[in-house]
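User: Please take a close look at one part of this model, working from residue pairing outwards, and then carry the same reading on to the other places where backbone and burial can be examined together. I would prefer one connected answer with the numbers kept in view.

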Amino acid sequence: MTSQIDARATEALLALSGGKACVEEPIPVYHGIGEEEKAAVMAFFDKRIPLSGFHGSPRPSFFGGPEVLAFEAAWKAKFGCRHAVSMNSATSALFAAMGAIGISPGDEVIVPPYTMSATAIAPLVYGGIPVFAEIEDQYFCLDVTQVQKKISSRTKAIIAVNLWGHPAQLSELRALCDENSIYLIEDNAQAILSREKGVYTGNIGHIGIFSMNIHKHIQAGEGGVCTTADDDLAARLCMIRNHGENVVDWLKHDNLANVWGFNFRQTEIGAVISRIQLQKLEQRVARCVDISERLTQGIAGLKGIYAPKVRPGCTHSYYMWSARFNEKEVGCSRKRFCEALKAEGVPIAEGYVAPLYRLPVFQKKIAIGDQGWPFNLTRADYRDGLCPVTERLHENEIIQ
């Protein structure tokens with residue numbers, strides 16, 4: 001087996017010099033929309049009802065049209081959650097979650113540096129301060145021991161990202177939050193159907209965030225969902241989603257902080273597609289798991305390439321199959337290795353996104369206006385080298 005692998009590696013390197021590529025035809029992009037979605041959308045059009053069922057005023061449709069309500073009901077039934085509040089994107093859902101928990105200027109929110117930028121930007125919408133904590137070396141999610149070191153009297157929440165489909169240490173993080181009277185928000189955009197200790201991710205934090213954009217397990221082009229077991233948080237999420245300043249008297253809600261005119265509403269067509277996609281969720285995730293497990297088996301004999309691990313008590317939904325590469329053990333650079341695979345016709349990437357504290361908004365500490373607000377309310381540190389594990393993984397080890 002090892003000799004066969006070495007032979008293929010030699011062929012791949014030869015392809016860089018003009019040799020014949022192993023994969024001669026482009027690998028087709030997976031298209032997850034089928035006849036069921038098409039039929040459901042056409043049936044919706046035949047009803048001749050509005051494309052959006054929301055009204056930003058005191059009436060039942062403040063909570064959405066019939067398709068949005070049906071989709072949210074199906075989501076609650078699927079995941080066993082008390083509340084499901086649909087949004088037009090997971091980014092909007094993150095922003096709404098920050099508003100719902102009452103983020104105020106100067107409040108600190110602990111976030112990982114290795115994720116999509118919206119996770120770290122969300123606190124800034126309300127003047128909150130992102131505080132970056134290191135990730136785990138093996139599972140790539142927030143390191144609980146490092147999070148503990150970052151908690152201060154200003155900490156309002158922790159946003160845990162279940163990165164690439166693997167759960168963070170959610171039970172430990174929830175206990176830490178409860179101990180310190182702060183909130184746990186789960187950015188579960190990449191980990192739908194993953195579990196920790198038998199519980200679906202997205203149901204362990206105070207609010208769970210899900211995504212339905214084009215490259216997620218379930219997609220409607222764009223879309224998001226907030227889940228929560230808390231009635232007050234659910235009410236605030238609904239108000240923040242839909243011009244809540246117009247309905248606070250009608251809903252007789254006293255907690256008015258951060259309730260103003262956003263429009264984070266999902267369309268009826270988006271809800272139609274999302275509900276059909278939800279019915280296919282198990283097979284969509286199973287497909288990702290199957291491909292990932294085959295990749296893991298396929299590299300079992302390769303020296304210096306380590307397949308993603310799964311923490312005991314967890315399941316992985318494999319939004320991405322992300323391995324670790326050891327240049328010394330392989331005997332060539334990660335860059336050269338990836339160039340060889342690309343020459344073979346295999347899609348592969350080096351790293352993920354650069355550590356988010358390297359973004360100009362953090363390096364220059366200018367978010368709103370030219371006064372550095374809200375960064376002038378804190379001494380938050382965004383220097384390079386802040387999270388060495390993240391930097392090492394991104395710059396030297398991760399391949400996807």
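Analyst: **A sheet and its surroundings**

In this predicted model, Ala323 has Ile399 of β12 as its bridge partner. That pair belongs to the antiparallel pairing of strand β11, residues 323-325, with β12, which comprises 2 bridges. The wider arrangement is an open sheet of 3 strands, ordered β10-β11-β12 and paired in the antiparallel sense. At its edges stand β10 (305-306) and β12 (398-399), each of which has a pairing on one side only. Packed on this sheet is helix α15, residues 388-397, which touches both β11 and β12 and whose direction makes about 75° with that of β11.

The loop between α14 (360-363) and α15 holds Pro374, and the peptide bond leading from Trp373 into Pro374 is cis, with omega near 5°. As background, most peptide bonds are trans, and most residues other than glycine have a negative phi.

The second half of that background bears on two further loops. Arg48, in the loop between α2 (35-46) and α3 (66-79), is not a glycine, yet its phi is positive, near 55°. Phe140, in the loop between β3 (129-132) and α6 (144-150), likewise has a positive phi, of about 70°, without being a glycine. Their surroundings can be set side by side: Arg48 counts as exposed because its relative accessibility is 77%, where over 50% is required, whereas Phe140 counts as buried because its value is 6%, where the limit is under 20%.

From Phe140 one can step back to β3 itself, which is covered on both faces, with Ile129 and Val131 buried on one side and Pro130 and Phe132 buried on the other. In general, the side chains of a regular strand alternate between the two faces of the sheet. Strand β3 pairs with β2 in the parallel sense over 4 bridges, and within this pairing Val131 of β3 stands opposite Ile110.

Glu108 lies in β2 (residues 108-111), and its contacts beyond four places in sequence include Ile129 and Val131, together with Lys150, Ser152, Arg154 and Thr378. Although Glu108 is buried, it has no salt bridge. The side chain of opposite charge nearest to it, that of Arg154, is 4.9 Å away, so the pair falls outside the 4 Å cut-off for a salt bridge. The side chain of Glu108 does, however, make a polar contact with the side chain of Ser152, at 2.9 Å.

Helix α8 offers a further view of burial. Of the 11 residues in this helix, which spans 231-241, 8 are buried, so α8 is largely enclosed by the rest of the structure. The buried set contains Leu233, Ala234, Leu237, Cys238, Met239 and Ile240, and also the two arginines Arg236 and Arg241. Where α8 starts, Asp230 places a side-chain oxygen within 2.9 Å of the backbone nitrogen of Asp232. After the helix comes His243, with a positive phi near 50°.

Note on methods:
Residues numbered from 1 in each chain as written. Predicted model: local features only at pLDDT ≥ 70, side-chain atom pairs only at ≥ 80, totals over all residues. Heavy atoms only, no water. Buried < 20%, exposed > 50% of the residue type's maximum accessible area, 1.4 Å probe, protein only. Lys, Arg positive; Asp, Glu negative; His and termini not counted. Polar contact = N/O pair within 3.5 Å; in protein donor to acceptor, adjacent residues only side chain to side chain. Contact = heavy atoms within 4.5 Å. Pairing = 2+ DSSP bridges. Axes fitted to C-alpha atoms, helices over the stretch in contact; angles between N-to-C directions.
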